[in-house]
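Q: I would like to learn how to read a model of this kind, feature by feature. Where should we start?

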Amino acid sequence: MTPRPSKPTDSADSPAEATATTAPAVQPSDDPQPLPSDIAELSYEAARDQLTEVVRRLESGQGGLEDSIGLWERGEMLARRCQQWLDGARERLDQAVAARRKDDPSDG
């Protein structure tokens with residue numbers, strides 16, 4: 001039995017991997033109301049984790065009125081940051097779907 005020549009594996013051979021390396025990263029959408037820099041710089045995951053903690057603290061009922069109002073306001077800003085990231089992801093997905101439909105008009 002003769003050995004078959006092995007094909008070198010190149011990550012660019014896979015369309016999914018090639019797209020992953022060439023596609024732009026998800027960016028948060030623009031928001032007309034600026035966020036404080038400590039929130040505006042957060043990734044989606046970091047903003048989500050902080051929002052989860054804010055909700056936990058509010059639900060515990062441990063803080064006073066002023067603390068609760070401050071937490072609520074921060075939670076609103078964190079939720080906006082998360083929404084910016086989700087809107088940016090939706091825009092990227094919409095662009096990918098539009099590009100696919102443009103390349104393959106029979107799909108759709």
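A: We can start with the charged pairs. This is a predicted model, and a search of the whole structure finds four salt bridges. One of them joins the side chains of D38 and R74, with an N to O distance of 3.0 Å. This pair links distant parts of the chain, since D38 sits in helix α2 and R74 in helix α4, 36 residues apart.

Q: Are D38 and R74 buried or partly exposed?
A: A residue counts as buried under 20% relative accessible area and as exposed over 50%, with partly exposed in between. D38 has 42% relative accessibility, so D38 is partly exposed. R74, with a relative accessible area of 25%, is also partly exposed because that value falls between the two cut-offs.

Q: Which other side chains meet in a salt bridge?
A: Among them are D49 and R48, which meet at 3.3 Å, N to O. Another salt bridge is formed by the side chains of D94 and R90, at 3.6 Å, N to O. D94 and R90 both belong to helix α4 and are four residues apart, about one turn of the helix. As for accessibility, D49 is partly exposed at 45%, R48 is partly exposed at 35%, and D94 is partly exposed at 42%.

Q: How many helices and strands does the secondary structure of the protein chain have?
A: There are four helices and zero strands. Read from the N terminus, the order of elements is α-α-α-α.

Q: How does one check the span of a helix, and what is the result for α4?
A: The expected span is 1.5 Å times one less than the number of residues. Helix α4 has 39 residues and should therefore span 57 Å; its end C-alpha atoms are 57 Å apart, which agrees. For α3, the 17 residues should span 24 Å, and the end C-alpha atoms are 24 Å apart, so this agrees too. Just after α3, G61 takes a positive phi of about 70°.

Q: How much of the protein chain is buried, and how much area does the chain expose?
A: Of its 108 residues, 13% count as buried. The exposed area is about 8700 Å², and carbon and sulfur atoms supply 53% of it.

Q: What is the idea behind looking for a nonpolar core, and which residues make up the largest one?
A: In soluble globular proteins, nonpolar side chains tend to be buried together. Here the largest nonpolar core has eight residues in all: L35, I39, L42, A47, V54, L71, L78 and C82. The elements giving two or more residues to this core are α3 and α4. Helix α4 gives the most, with three residues. As for A47, its contacts beyond four places in sequence are L42, L78, R81 and C82.

Q: Which residues of α4 are buried, and what covers them?
A: The buried residues of α4 are L71, G75, L78, R81, C82, Q84, W85 and G88. Their cover includes α2 (37–40) and α3 (44–60).

Q: R81 is on that list of buried residues. What does the side chain of R81 reach?
A: First, the burial itself: R81 lies in helix α4, residues 65–103. With a relative accessible area of 7%, R81 is buried because the value is under 20%. The side chain of R81 reaches the backbone oxygen of L42 at 3.1 Å. A polar contact of 2.8 Å also joins the side chains of R81 and Q84. Leaving aside neighbours within four places in sequence, R81 is in contact with P28, L35, I39, A40, E41, L42 and A47.

Q: What share of the contacts in the protein chain comes from residues far along the sequence?
A: Counting contacts with a separation of 6 or more, 79% are between residues 24 or more positions apart.

Q: Which residues is S68 in contact with, leaving aside neighbours within four places in sequence?
A: S68 is in contact with L58 and G63. The C-alpha atoms of S68 and L58 are separated by 6.3 Å, with the two residues ten apart along the chain. S68 is found in helix α4 and, at a relative accessible area of 26%, is partly exposed.

Note on methods:
Residues are numbered from 1 along each chain as its sequence is written. This is a predicted model: local features need pLDDT of at least 70, side-chain atom pairs count only at pLDDT 80 or more; totals for chains, interfaces and linings use all residues. Side-chain values use heavy atoms; hydrogens and water are left out. Buried means under 20% relative accessible area, exposed over 50%, partly exposed in between (1.4 Å probe, protein chains only). A polar contact is a pair of N or O atoms within 3.5 Å; within protein, one must be able to donate a hydrogen and the other to accept it, and residues adjacent in sequence count only if both atoms are side-chain atoms. Contact means heavy atoms within 4.5 Å. Accessible areas come from the Shrake-Rupley method with a 1.4 Å probe; for residues, only the protein chains shown count as cover. A nonpolar core is a set of buried Ala, Val, Leu, Ile, Met, Phe, Trp, Tyr and Cys residues joined through side-chain atoms within 4.5 Å.
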